[in-house]
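Q: Please take a close look at one helix pair in this model, and describe how the two helices pack and which residues make the contact.

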Amino acid sequence: MPAPIRLRELIRTIRTARTQAEEREMIQKECAAIRSSFREEDNTYRCRNVAKLLYMHMLGYPAHFGQLECLKLIASQKFTDKRIGYLGAMLLLDERQDVHLLMTNCIKNDLNHSTQYVQGLALCTLGCMGSSEMCRDLAGEVEKLLKTSNSYLRKKAALCAVHVIRKVPELMEMFLPATKNLLSEKNHGMCKHFLVPQLVRILKNLIMSGYSPEHDVSGISDPFLQVRILRLLRILGRSDDDSSEAMNDILAQVRIKLKCCFWPKASENECYLDKCVISILSDSADNNGHQVLAINILGRFLLNNDKNIRYVALTSLLKTVQTDHNAVQRHRSTIVDCLKDLDVSIKRRAMELSFALVNGNNIRGMMKELLYFLDSCDPEFKADCASGVFLAAEKYAPSKRWHIDTIMRVLTTAGSYVRDDSVPNLIQLITNSVEMHAYTVQRLYKALLDDISQQPLVQVASWCIGEYGDLLVSGQCEEEEPIQVTEDEVLDVLEGLLVSNLSTPVTRGYSLTAIMKLSTRFTSVNRIKKVVSIYGSSIDVELQQRAVEYNALFKKYDHMRANPNPNIAVITIHASNSTEADMTDFVFQAAVPKTFQLQLLSPSSNVVPALNQGTVTQVIRVLNPQKVSLIKLTYTLKGSPVQDLAEVNNFPPQSWQ
């Protein structure tokens, strides 16, 4: 069999592929050749074939058939074979596959190998993909290497020990003695674990030390070690007053260092700045002075020209806004200015932080800024921004009118991006705001005349016109100057929605239902019947079903109209509540004998306000009310359900004669 091509040649060949299909063909051809070589137990080129297989795996092609070949390379005595074998094991194997347990004995042998580089390979592999069973079996060997005098092996053993402890936490005690000794290591990479005084001393030496070329990174002495120590101090100082007290001085020095780190060009230090400030904030949770000063440092970072530092500052403030809301509020104007940044990552963080800062005191000002941002932001932000505005308005709205105006502004601006539940939520809000019905229906009608492309807005407007169309044409709006609208004009708008190319099937359903509802509120009943009958043969099944059902209602119950029949009594119920708590889930029901008919219209609300601060109205139409009627009231008061039943048989004769 001819010698297989080398890895370099394979890479060069694959890169010449002009299409994905051509690349797949090359890969499949090479995989077939590699499989044949594996079947023939070709030890000469096993290493080369596995290396090529790993490259194909990195490109996203299946390479699982090379797992056992990796184990054979690990068992080889050649270092080059072991290196590829261990690399393949780390890429192709994990603890979910039982085949990885076959490596345990090979790793154990290599951990005791006479060559440090072979030992290093074994430690890396165990620290990368060792299962809990492997970690238990090999923890002793790792602990021995942690005590060795070879710094190369100690570093790798320390990293491996971390993985072992994560997999088997009960083995931590085994590594503690050796870990304490690592704190006195000259090699900074080993100083990572225990005891607050020693950690504080190491951190102080790092901060106060002069220039050290082997550890200096952009003017900071080993920022990676400093971050590790700060993270560990953050954990050790949590709920421990003594430890927190021991850290106070060093945290103050770190804070001073941060003030001096206001470089004009410092993008390589953003991770250091982030971890330092977060550690200060966490360690000094009980020390308000440290916390406020740390937040003020982040506020200064927001003014930096470097976008990475601004992003780090926004991310850190977002993490800390829940712990010290007032301190972050002081930088609200700077945070809002970041909404205008050209960088999309900064804008997203600024948007999230702005919503986190909203409260009852600043709701009007913050919503003004966020709605302006919603108007001008990229489409990728509109859905999240609209959701945030909805939640904030629901939680902190200063008045119902402001709430309704804000939601309608969102629907007008970004209606196509709002959540699916925004329409029923707004309908519920409008329903519960009895005093705002005339104002709301007039505003929504005006919005329809301006734009029908925002489908959620059109759906809410259609529903509202169907429910309160009589208020629209009567011109009863007191909150703003009423408009003069005729019944025909309202029906023209709704019929236009039915035939518009912009309307979705759901929107057409809302429009047809609104037209049907108006048959009980408008006098143009014949026109409404004609429109509804047309859609009885619509190709849209949902619309057709609605139209057929509405036509059936016209034919079967048309005599229930108060004006085709004089024996219909129209009764309006006014429900008030003199108790100190709101009555929720309010439902009024009535029943009459089967030979008579009853129609219950929708109530104005299902909540009766306490202390007679409002009423709930409901209209009932009864045919021949001289007969006995049974009524039922249900509601919830102070968390307890209440139910009342009664008979009504004393309607005045003039109501039905």
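A: As a definition to start from, the axes are lines fitted to C-alpha atoms over the stretch in contact, and the angle between them runs from 0 to 180 degrees between N-to-C directions. Two packed helices are described by the angle between their axes and the distance between the axes. In this predicted model, the pair consists of helix 27, residues 505-518, and helix 28, residues 525-534, which pack at an angle of about 150 degrees with their axes 9 Å apart. Angles over 145 degrees count as roughly antiparallel, and helix 27 and helix 28 are therefore roughly antiparallel to each other. As for handedness, the crossing of helix 27 and helix 28 is left-handed.

The residues that make this contact can be named on both sides: helix 27 contributes L512, I515, M516 and L518, while helix 28 contributes I528, V531 and V532. Sorted by class, the contact of helix 27 with helix 28 comprises seven nonpolar residues, with no polar and no charged residues.

Elsewhere in the chain, a loop offers a separate detail of backbone geometry. The loop between strand 5 (598-600) and strand 6 (616-623) contains L611, and N612 is found in the loop between strand 5 and strand 6 as well. Phi of L611 is near 55 degrees, a positive value in a residue other than glycine, and for N612, likewise not a glycine, phi is near 55 degrees and positive. L611 has a relative accessible area of 49% and is partly exposed.

Methods:
Residues numbered from 1 in each chain as written. Predicted model: local features only at pLDDT ≥ 70, side-chain atom pairs only at ≥ 80, totals over all residues. Heavy atoms only, no water. Helix = DSSP H or I, 4+ residues; strand = E, 2+ residues; numbered from the N terminus. Buried < 20%, exposed > 50% of the residue type's maximum accessible area, 1.4 Å probe, protein only. Parallel < 35°, antiparallel > 145°, perpendicular 65-115°, else oblique. Left-handed = near helix turned anticlockwise from the far one by under 90°. Contact = heavy atoms within 4.5 Å. Nonpolar A, V, L, I, M, F, W, Y, C, P; charged D, E, K, R; others polar.
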